[in-house]
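Student: I should like to learn how to read the features of a protein model. Could you guide me through one, step by step?

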Amino acid sequence: MSEIIVSVKSLEKTYKTEGESLTILKDLNLEIEKGKKVTIVGESGSGKSTFLNIIGSLDKATSGEIICGNFNLSRLEEASLSKYRTHFLGLIFQFHYLLKDFTALENTFLPALMAGLPKKAAMEKARNLLCDVGLENRLNHLPGKLSGGERQRVAVARSLINDPQLILADEPTGNLDPQNAKMIGELLFSMAEKYGKTLLLVTHDTNLAKKGDICYSIENGMLKPVTL
Ligand code: ADP
Ligand code: MG
(Lines give C-alpha, C1' and ligand atoms only; values in the text may rest on other atoms or scores of the structure.)
(Ligands and ions follow the chains in the order given, each with its own letter.)
Protein backbone atom coordinates (compact mmCIF):
# COMPACT_ATOMS: atom_id res chain seq x y z
CA MET A 1 0.00 0.00 0.00
CA SER A 2 1.23 3.46 -0.78
CA GLU A 3 2.25 5.77 2.00
CA ILE A 4 0.08 8.81 2.73
CA ILE A 5 2.38 11.75 3.34
CA VAL A 6 -0.22 14.51 3.75
CA SER A 7 -3.57 13.95 5.42
CA VAL A 8 -5.95 16.86 5.91
CA LYS A 9 -9.30 16.27 7.56
CA SER A 10 -12.13 18.78 7.94
CA LEU A 11 -9.83 21.76 7.77
CA GLU A 12 -11.45 25.08 8.50
CA LYS A 13 -9.86 28.51 8.40
CA THR A 14 -11.79 31.54 9.56
CA TYR A 15 -10.28 34.99 9.76
CA LYS A 16 -11.72 37.20 12.46
CA THR A 17 -11.25 40.93 12.01
CA GLU A 18 -13.05 43.62 13.97
CA GLY A 19 -16.07 41.55 14.83
CA GLU A 20 -16.40 40.23 11.31
CA SER A 21 -15.57 36.64 10.61
CA LEU A 22 -14.68 35.29 7.20
CA THR A 23 -14.49 31.56 6.55
CA ILE A 24 -11.99 30.98 3.74
CA LEU A 25 -11.57 27.20 3.99
CA LYS A 26 -14.27 24.88 5.21
CA ASP A 27 -14.40 21.14 5.49
CA LEU A 28 -11.37 20.81 3.27
CA ASN A 29 -10.10 17.23 2.95
CA LEU A 30 -7.02 16.00 1.13
CA GLU A 31 -4.77 12.97 1.10
CA ILE A 32 -1.50 12.92 -0.82
CA GLU A 33 0.45 9.77 -1.53
CA LYS A 34 4.21 9.89 -1.30
CA GLY A 35 5.81 10.86 -4.61
CA LYS A 36 2.65 12.31 -6.17
CA LYS A 37 2.51 15.75 -7.67
CA VAL A 38 -0.72 17.42 -6.66
CA THR A 39 -1.89 20.76 -7.98
CA ILE A 40 -4.67 23.07 -6.87
CA VAL A 41 -6.12 25.79 -9.08
CA GLY A 42 -8.44 28.54 -7.99
CA GLU A 43 -9.37 32.13 -8.59
CA SER A 44 -7.47 34.88 -6.85
CA GLY A 45 -8.74 35.10 -3.26
CA SER A 46 -10.06 31.53 -3.21
CA GLY A 47 -7.74 30.53 -0.37
CA LYS A 48 -4.85 28.82 -2.14
CA SER A 49 -2.10 30.64 -0.27
CA THR A 50 -4.02 30.33 2.99
CA PHE A 51 -4.12 26.57 2.53
CA LEU A 52 -0.47 26.25 1.54
CA ASN A 53 0.62 28.47 4.43
CA ILE A 54 -1.23 26.19 6.84
CA ILE A 55 0.44 23.07 5.42
CA GLY A 56 3.73 24.99 5.56
CA SER A 57 3.09 25.77 9.26
CA LEU A 58 3.30 29.50 8.54
CA ASP A 59 -0.34 29.90 9.58
CA LYS A 60 -2.71 27.94 11.82
CA ALA A 61 -5.98 26.24 10.97
CA THR A 62 -9.05 27.25 12.95
CA SER A 63 -10.01 23.59 13.24
CA GLY A 64 -9.35 20.24 11.62
CA GLU A 65 -6.55 17.71 11.60
CA ILE A 66 -3.40 17.99 9.51
CA ILE A 67 -0.80 15.25 9.55
CA CYS A 68 2.30 15.48 7.36
CA GLY A 69 4.64 12.52 7.69
CA ASN A 70 5.05 12.04 11.44
CA PHE A 71 4.13 15.62 12.23
CA ASN A 72 0.70 16.45 13.57
CA LEU A 73 0.52 20.14 12.78
CA SER A 74 -2.24 20.92 15.22
CA ARG A 75 -0.13 19.73 18.14
CA LEU A 76 3.44 20.66 17.29
CA GLU A 77 5.82 22.03 19.89
CA GLU A 78 8.18 24.79 18.77
CA ALA A 79 11.14 22.39 18.54
CA SER A 80 9.35 19.92 16.25
CA LEU A 81 7.93 22.78 14.26
CA SER A 82 11.42 23.94 13.47
CA LYS A 83 12.41 20.37 12.55
CA TYR A 84 9.34 20.14 10.30
CA ARG A 85 10.24 23.37 8.51
CA THR A 86 13.92 22.64 8.12
CA HIS A 87 13.90 18.95 7.25
CA PHE A 88 10.46 17.99 5.99
CA LEU A 89 9.57 20.96 3.78
CA GLY A 90 10.97 22.69 0.73
CA LEU A 91 9.26 25.97 -0.06
CA ILE A 92 8.97 27.89 -3.31
CA PHE A 93 7.02 31.12 -3.58
CA GLN A 94 6.07 33.57 -6.28
CA PHE A 95 8.94 35.78 -5.15
CA HIS A 96 12.32 34.11 -4.84
CA TYR A 97 13.28 35.53 -1.40
CA LEU A 98 16.97 35.10 -2.17
CA LEU A 99 19.32 37.06 0.09
CA LYS A 100 20.67 39.85 -2.09
CA ASP A 101 24.19 39.93 -0.65
CA PHE A 102 24.76 36.22 -1.09
CA THR A 103 25.68 34.37 -4.27
CA ALA A 104 23.50 31.73 -5.93
CA LEU A 105 25.70 29.06 -4.34
CA GLU A 106 25.52 30.62 -0.87
CA ASN A 107 21.77 31.15 -1.08
CA THR A 108 21.39 27.48 -1.97
CA PHE A 109 23.64 26.04 0.73
CA LEU A 110 22.65 28.32 3.64
CA PRO A 111 19.60 26.22 4.63
CA ALA A 112 21.85 23.14 4.73
CA LEU A 113 24.30 24.91 7.06
CA MET A 114 21.38 25.85 9.29
CA ALA A 115 20.34 22.21 9.28
CA GLY A 116 23.78 21.31 10.61
CA LEU A 117 25.59 20.02 7.52
CA PRO A 118 29.34 20.82 7.39
CA LYS A 119 30.11 23.65 4.99
CA LYS A 120 32.06 21.57 2.49
CA ALA A 121 29.28 19.01 2.13
CA ALA A 122 26.64 21.74 1.95
CA MET A 123 28.55 23.52 -0.81
CA GLU A 124 28.99 20.32 -2.77
CA LYS A 125 25.31 19.51 -2.55
CA ALA A 126 24.35 23.05 -3.57
CA ARG A 127 26.73 22.96 -6.50
CA ASN A 128 25.19 19.72 -7.75
CA LEU A 129 21.67 21.07 -7.46
CA LEU A 130 22.57 24.31 -9.22
CA CYS A 131 24.12 22.27 -12.05
CA ASP A 132 20.89 20.27 -12.18
CA VAL A 133 18.84 23.42 -12.70
CA GLY A 134 21.22 24.63 -15.40
CA LEU A 135 23.12 27.26 -13.44
CA GLU A 136 26.60 25.73 -13.45
CA ASN A 137 27.91 29.00 -14.92
CA ARG A 138 26.13 31.24 -12.42
CA LEU A 139 27.29 29.81 -9.08
CA ASN A 140 28.94 33.00 -7.89
CA HIS A 141 26.39 35.48 -9.24
CA LEU A 142 24.50 37.67 -6.82
CA PRO A 143 20.70 37.59 -7.26
CA GLY A 144 20.79 41.11 -8.73
CA LYS A 145 22.94 39.80 -11.59
CA LEU A 146 20.57 36.95 -12.44
CA SER A 147 17.46 37.05 -14.63
CA GLY A 148 14.03 36.44 -13.07
CA GLY A 149 13.97 32.91 -14.44
CA GLU A 150 17.46 32.21 -13.11
CA ARG A 151 16.56 33.50 -9.66
CA GLN A 152 13.61 31.14 -9.59
CA ARG A 153 15.92 28.29 -10.66
CA VAL A 154 18.03 29.06 -7.59
CA ALA A 155 14.84 28.94 -5.50
CA VAL A 156 14.08 25.49 -6.93
CA ALA A 157 17.61 24.26 -6.12
CA ARG A 158 17.41 25.76 -2.62
CA SER A 159 14.06 24.05 -1.94
CA LEU A 160 15.76 20.67 -2.45
CA ILE A 161 18.94 21.24 -0.45
CA ASN A 162 17.77 19.58 2.76
CA ASP A 163 16.29 16.63 0.92
CA PRO A 164 12.72 17.46 1.99
CA GLN A 165 9.84 15.02 1.93
CA LEU A 166 7.39 17.58 0.62
CA ILE A 167 7.80 20.55 -1.69
CA LEU A 168 5.24 23.32 -1.39
CA ALA A 169 5.00 25.76 -4.27
CA ASP A 170 2.78 28.85 -4.23
CA GLU A 171 2.43 30.45 -7.69
CA PRO A 172 6.07 29.57 -8.47
CA THR A 173 5.78 31.03 -11.97
CA GLY A 174 3.52 33.95 -11.07
CA ASN A 175 6.20 36.60 -11.41
CA LEU A 176 7.67 35.41 -14.72
CA ASP A 177 7.01 36.10 -18.39
CA PRO A 178 5.18 33.28 -20.23
CA GLN A 179 8.34 31.73 -21.67
CA ASN A 180 10.19 31.63 -18.35
CA ALA A 181 7.01 30.51 -16.59
CA LYS A 182 6.81 27.51 -18.89
CA MET A 183 10.48 26.72 -18.33
CA ILE A 184 10.31 26.95 -14.55
CA GLY A 185 7.11 24.88 -14.48
CA GLU A 186 8.81 22.13 -16.46
CA LEU A 187 11.95 22.35 -14.36
CA LEU A 188 10.06 22.12 -11.09
CA PHE A 189 8.11 19.04 -12.13
CA SER A 190 11.15 17.33 -13.61
CA MET A 191 13.25 18.01 -10.49
CA ALA A 192 10.47 16.65 -8.27
CA GLU A 193 10.34 13.57 -10.50
CA LYS A 194 14.12 13.11 -10.56
CA TYR A 195 14.42 13.29 -6.78
CA GLY A 196 11.19 11.39 -6.10
CA LYS A 197 9.66 14.29 -4.20
CA THR A 198 6.05 14.82 -3.29
CA LEU A 199 4.87 18.17 -4.64
CA LEU A 200 1.92 20.29 -3.61
CA LEU A 201 1.55 23.28 -5.91
CA VAL A 202 -1.11 25.98 -5.96
CA THR A 203 -1.63 28.35 -8.86
CA HIS A 204 -4.23 30.28 -10.81
CA ASP A 205 -2.52 29.06 -14.01
CA THR A 206 -4.33 26.02 -15.42
CA ASN A 207 -1.47 25.30 -17.83
CA LEU A 208 0.87 24.84 -14.91
CA ALA A 209 -1.70 22.99 -12.82
CA LYS A 210 -2.35 20.39 -15.48
CA LYS A 211 1.18 19.07 -15.04
CA GLY A 212 0.03 17.52 -11.77
CA ASP A 213 -0.68 13.79 -11.39
CA ILE A 214 -3.82 14.84 -9.56
CA CYS A 215 -5.52 18.23 -9.90
CA TYR A 216 -8.07 19.92 -7.70
CA SER A 217 -9.85 23.20 -7.84
CA ILE A 218 -10.61 25.17 -4.73
CA GLU A 219 -14.13 26.56 -4.66
CA ASN A 220 -16.11 27.87 -1.73
CA GLY A 221 -13.35 26.74 0.60
CA MET A 222 -13.44 23.13 -0.53
CA LEU A 223 -11.40 20.98 -2.93
CA LYS A 224 -12.99 19.39 -5.94
CA PRO A 225 -11.14 17.00 -8.30
CA VAL A 226 -10.84 18.47 -11.80
CA THR A 227 -9.60 17.35 -15.19
CA LEU A 228 -7.65 20.15 -16.86
P1 ADP B 1 -5.31 33.11 -3.03
O2 ADP B 1 -3.94 32.69 -2.69
O3 ADP B 1 -6.17 31.98 -3.56
O4 ADP B 1 -5.34 34.27 -3.99
P5 ADP B 1 -5.50 33.84 -0.22
O6 ADP B 1 -5.37 32.54 0.45
O7 ADP B 1 -4.32 34.71 -0.24
O8 ADP B 1 -6.06 33.61 -1.72
O9 ADP B 1 -6.69 34.65 0.44
C10 ADP B 1 -8.00 34.11 0.55
C11 ADP B 1 -8.91 35.11 1.20
O12 ADP B 1 -8.55 35.27 2.56
C13 ADP B 1 -8.87 36.49 0.57
O14 ADP B 1 -10.18 36.94 0.43
C15 ADP B 1 -8.12 37.32 1.57
O16 ADP B 1 -8.59 38.63 1.58
C17 ADP B 1 -8.41 36.63 2.89
N18 ADP B 1 -7.29 36.77 3.83
C19 ADP B 1 -6.03 36.32 3.66
N20 ADP B 1 -5.25 36.58 4.73
C21 ADP B 1 -6.05 37.22 5.62
C22 ADP B 1 -5.86 37.76 6.95
N23 ADP B 1 -4.67 37.67 7.56
N24 ADP B 1 -6.91 38.34 7.55
C25 ADP B 1 -8.11 38.42 6.94
N26 ADP B 1 -8.37 37.92 5.72
C27 ADP B 1 -7.37 37.34 5.05
MG1 MG C 1 -2.07 33.36 -3.34
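**Reading the model**

Tutor: Let us begin at the end of a helix. Helix H1 is followed by Ser57, a residue with a positive phi, near 65°. Please keep in mind that this is a predicted model.

Student: Where is Ser57 found, and is it buried or exposed?

Tutor: Ser57 belongs to the loop between H1 and E4. With a relative accessibility of 10%, Ser57 counts as buried, because buried means under 20%. Its positive phi occurs in a residue other than glycine.

Student: Which value does phi take in Asp163, and where does Asp163 lie?

Tutor: Phi of Asp163 is near 50°, a positive value, and Asp163 is a residue other than glycine. Asp163 lies in the loop between H5 and E7. Asp163 is partly exposed, at 46% relative accessible area. Gln165 also lies in the loop between H5 and E7, and its relative accessible area of 31% makes it partly exposed. The C-alpha atom of Gln165 is separated by 8.7 Å from that of Gly35, although their positions lie 130 residues apart along the chain.

Student: Let us return to the helix. Why is H1 described as largely enclosed by the rest of the structure?

Tutor: One counts the buried residues. In H1, six of the eight residues are buried, and therefore the helix is largely enclosed by the rest of the structure. The buried residues are Lys48, Thr50, Phe51, Leu52, Ile54 and Ile55.

Student: Which residues surround ligand 1?

Tutor: The shell around ligand 1 consists of Tyr15, Ile24, Glu43, Ser44, Gly45, Ser46, Gly47, Lys48, Ser49 and Thr50. Helix H1, residues 48–55, provides the largest share of this shell, with three residues. By character, the shell divides into six polar, two charged and two nonpolar residues.

Student: How should I read the contacts between the ligand and individual residues?

Tutor: One looks at distances between polar atoms. An oxygen atom of ligand 1 is 2.5 Å from an N or O atom in the side chain of Thr50. For the side chain of Ser49, the distance from a ligand oxygen to an N or O atom is 2.9 Å. At Gly45 the partner is a polar backbone atom, 2.7 Å from an oxygen atom of ligand 1. Taken alone, ligand 1 exposes 570 Å², and the protein buries 59% of that.

Student: Why can charged side chains pair, and how many salt bridges are counted here?

Tutor: Side chains of opposite charge can pair when their charged atoms come close. In this model the count comes to ten salt bridges. One of them joins Asp59 to Lys13, with the closest N and O atoms 3.2 Å apart. This pair links distant parts of the chain, 46 residues apart: Asp59 is in the loop between H1 and strand E4, and Lys13 is in strand E1. Asp59 is partly exposed, at 23% relative accessible area, whereas Lys13 is buried, at 8%.

Student: Which residue forms a salt bridge with Arg138, and which forms one with Lys100?

Tutor: Arg138 forms a salt bridge with Glu150, and their closest N and O atoms are 3.3 Å apart. Here Arg138 is in the loop between helix H4 and helix H5, while Glu150 is in helix H5, twelve residues apart. Arg138 counts as partly exposed at 29% relative accessibility, and Glu150 is buried at 16%. Lys100 meets Asp101 in a salt bridge, 3.5 Å from N to O. Lys100 is exposed at 60% relative accessibility, and Asp101 is exposed at 57%. Salt bridges can also be linked in a network, as with Lys182, Glu186 and Lys211.

Student: Let us turn to the interior. How many residues does the largest nonpolar core have, and which element gives the most to it?

Tutor: For a core, one asks which buried nonpolar residues are joined through their side chains. The largest nonpolar core has 32 residues, and Leu130, Val133 and Leu199 have the most contacts inside it. Two or more residues come from each of helix H3, H4, H5, strand E7, helix H6 and strand E8. H6 gives the most to this core, with seven residues.

How values were computed:
Residues numbered from 1 in each chain as written. Chains lettered and ligands numbered in written order. Predicted model: local features only at pLDDT ≥ 70, side-chain atom pairs only at ≥ 80, totals over all residues. Heavy atoms only, no water. Near = heavy atom within 4 Å. Polar contact = N/O pair within 3.5 Å; in protein donor to acceptor, adjacent residues only side chain to side chain. Areas by Shrake-Rupley, 256 points an atom, 1.4 Å probe, with all protein chains shown as cover. Helix = DSSP H or I, 4+ residues; strand = E, 2+ residues; numbered from the N terminus. Nonpolar A, V, L, I, M, F, W, Y, C, P; charged D, E, K, R; others polar. Buried < 20%, exposed > 50% of the residue type's maximum accessible area, 1.4 Å probe, protein only. Salt bridge = Lys/Arg side-chain N within 4 Å of Asp/Glu carboxyl O. Core = buried A, V, L, I, M, F, W, Y, C linked by side-chain atoms within 4.5 Å.
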